[in-house]
Amino acid sequence: SHFLSLSLQAKMSRPVQARRLEGIDKNIWVEFVKLAATYSTVNLGQGFPDFPPPDFLKEAFVGALSGENQMLHQYTRAFGHPPLVKILAQFFGKLLGRDLDPMTDVMVTVGAYQALFCCFQAFVDEGDEVIIIEPFFDCYEPMVKMAGGTPVFVPLRPKAPKDGKLMSSADWQLDPAELASKFSERTKAIVLNSPNNPLGKVFSRGELELIADLCVKHDILCISDEVYEWLVYDGKEHIRIASLHGMWDRTVIIGSAGKTFSATGWKVGWTVGPNRLLRHLRTMHQNSVYHCATVAQEAVAQGFQRELERYGKPDSYFVQLPKELQQKRDWLVQSLDAVGMKPIVPEGTYFLVADISEFKSDVPDVPDSDEPYDSRFAKWMVKNKGLAAIPLSAFYCGPHKNNYNHFIRFCFAKEEATLKAANDILQKWKREKTSP
């Protein structure tokens, strides 16, 4: 019993959790990925393709793995495998019209996710404000809070389209006065995500100039999440905010091999920007992950090499992929429209948001529930219909979740068979609704 009392005393009673984790322990993906794995027959939830990356990329990986160069199994340069940073500097130098130094103006990260984490940790101090445009990719908010910063939200506001046309992601716009009102001397940075997840909005030059002018006027950093840069449709153009007047010096561009080459599990991302900003990202990176997988970086380097040679040509993957995805988008748009789940036609990305108002009668409302309606709807749908999607309220801050609670997000970067199966579920559901 002497031992027992000692071991009871030895149990920790002081809190173990760091204060920076308070209030950010819930994660929509953990919950919905688990639900999809348990119930779904058709997963249009999480944003990953269920088709393979291009052959040339897989071949590059296999070649790197089994080739003569055994150093590809060992550490490479911490801030990016030299062949990869060199080709990224060349490629993005061409896109931005400036000479980039591969050693100082590019840093490779464990996916775009770690690039974001590095940015918030490197630039945001206790009490700094960071402007986030809603709806936003959900990790921005907890990452800002973890750095001790305060997120400040500004919404894209939908304008109804004319004469019964389907709404487009372009119909969701910033109110210029409202946006300007969010900037103050406490503002350290704004996060821009174009093309935007979840709406698929591609910000126009005018919208980007509005943001750029405010950044310059208030001397603010811009964290520009451009992972869907190649996935734009209908002949739209992805404009890089760093190319606008006064913006190169204050912008970190974030990119992703996962979204660029349809290989989300490789977790190769990058940041591009001036050395004065990237040097602080390097400090963060060297004191956290230090280094990313060498073989994956080698394969991505070869993928970019191929794309540089084919830039703008019909056989470029960056030309072919958006063509294929645009067809998939159109197919899902028609499929949803036919059953009365009103789609908002995206200008870019893997994603499409649909209005579920006409399906509300199937999923009873729970008065006084803490959970937004679209979240309950999405859970009901995966459990009862086997179709997984993500509620749009997941992409809003707490106080705004109920303002946009009748939309769900679908991922259409899927095989034809997957989209067909989704269509079958929707058609059957509609027949059940209309039959007596």
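**Exercise 1. Work out what share of the chain's contacts with a separation of 6 or more comes from residues 24 or more positions apart.**

Solution. Take the contacts in the protein chain with a separation of 6 or more, and pick out those between residues 24 or more positions apart: they account for 73%. Keep in mind that you're looking at a predicted model.

**Exercise 2. Describe the overall build of the chain: which elements does it have, and how does its radius of gyration fit the globule rule?**

Solution. Start with the elements: there are 14 helices and 15 strands. Next, take the radius of gyration, which is 23 Å. The globule rule gives 22 Å for 436 residues, and the two values are close, so the chain is as compact as a globular protein of that length. For the extent, the C-alpha trace spans about 80 × 65 × 50 Å along its principal axes. Finally, look at burial and surface: 55% of the 436 residues are buried, and the accessible surface comes to about 19,700 Å², with 51% of that belonging to carbon and sulfur atoms.

**Exercise 3. Classify the ring pair of Phe-56 and Tyr-317, and find out which helices it ties together.**

Solution. A search of the whole structure turns up 32 aromatic pairs. In this one, the centres are 6.0 Å apart and the planes make an angle of 80 degrees. Angles over 60 degrees count as edge-to-face, and that's the label for Phe-56 and Tyr-317. Now find the helices: Phe-56 lies in α3 (residues 55-66) and Tyr-317 in α12 (residues 317-339), so the pair ties together parts that are 261 residues apart in sequence. Are the two residues buried or exposed? The cut-off for buried is under 20% relative accessible area. Phe-56 has 19%, so it is buried, and Tyr-317, with 8%, is buried too.

**Exercise 4. Do the same job for Phe-304 and Phe-318.**

Solution. The ring centres are 5.9 Å apart and the planes sit at 70 degrees, so this pair is edge-to-face. Phe-304 belongs to helix α11 (residues 294-309) and Phe-318 to helix α12, 14 residues apart. Phe-304 has 0% relative accessibility, so it counts as buried; Phe-318, at 6%, counts as buried as well. Zooming out, ring pairs link these two into a cluster whose members include Phe-56, Tyr-317, Trp-230 and Trp-270.

**Exercise 5. Find which rings the charged ends of Lys-201 and Lys-433 sit over.**

Solution. Go lysine by lysine. The charged end of Lys-201 sits over the ring of Phe-203, 5.1 Å from the centre. For Lys-433, the ring is that of Phe-359, and the distance to the centre is 4.8 Å.

Definitions and conventions:
Residues are numbered from 1 along each chain as its sequence is written. This is a predicted model: local features need pLDDT of at least 70, side-chain atom pairs count only at pLDDT 80 or more; totals for chains, interfaces and linings use all residues. Side-chain values use heavy atoms; hydrogens and water are left out. Rings of Phe, Tyr and Trp (its six-membered ring) pair if their centres lie within 6.5 Å; planes under 30 degrees apart count as stacked, over 60 as edge-to-face and the rest as tilted. Helices (H or I, at least four residues) and strands (E, at least two) are DSSP runs, numbered from the N terminus. Buried means under 20% relative accessible area, exposed over 50%, partly exposed in between (1.4 Å probe, protein chains only). A charge sits over a ring if NZ of Lys or CZ of Arg is within 6 Å of the ring centre and within 35 degrees of the ring normal. The radius of gyration is taken over C-alpha atoms; the globule rule is 2.2 Å times the number of residues to the power 0.38. Contact means heavy atoms within 4.5 Å. Accessible areas come from the Shrake-Rupley method with a 1.4 Å probe; for residues, only the protein chains shown count as cover.
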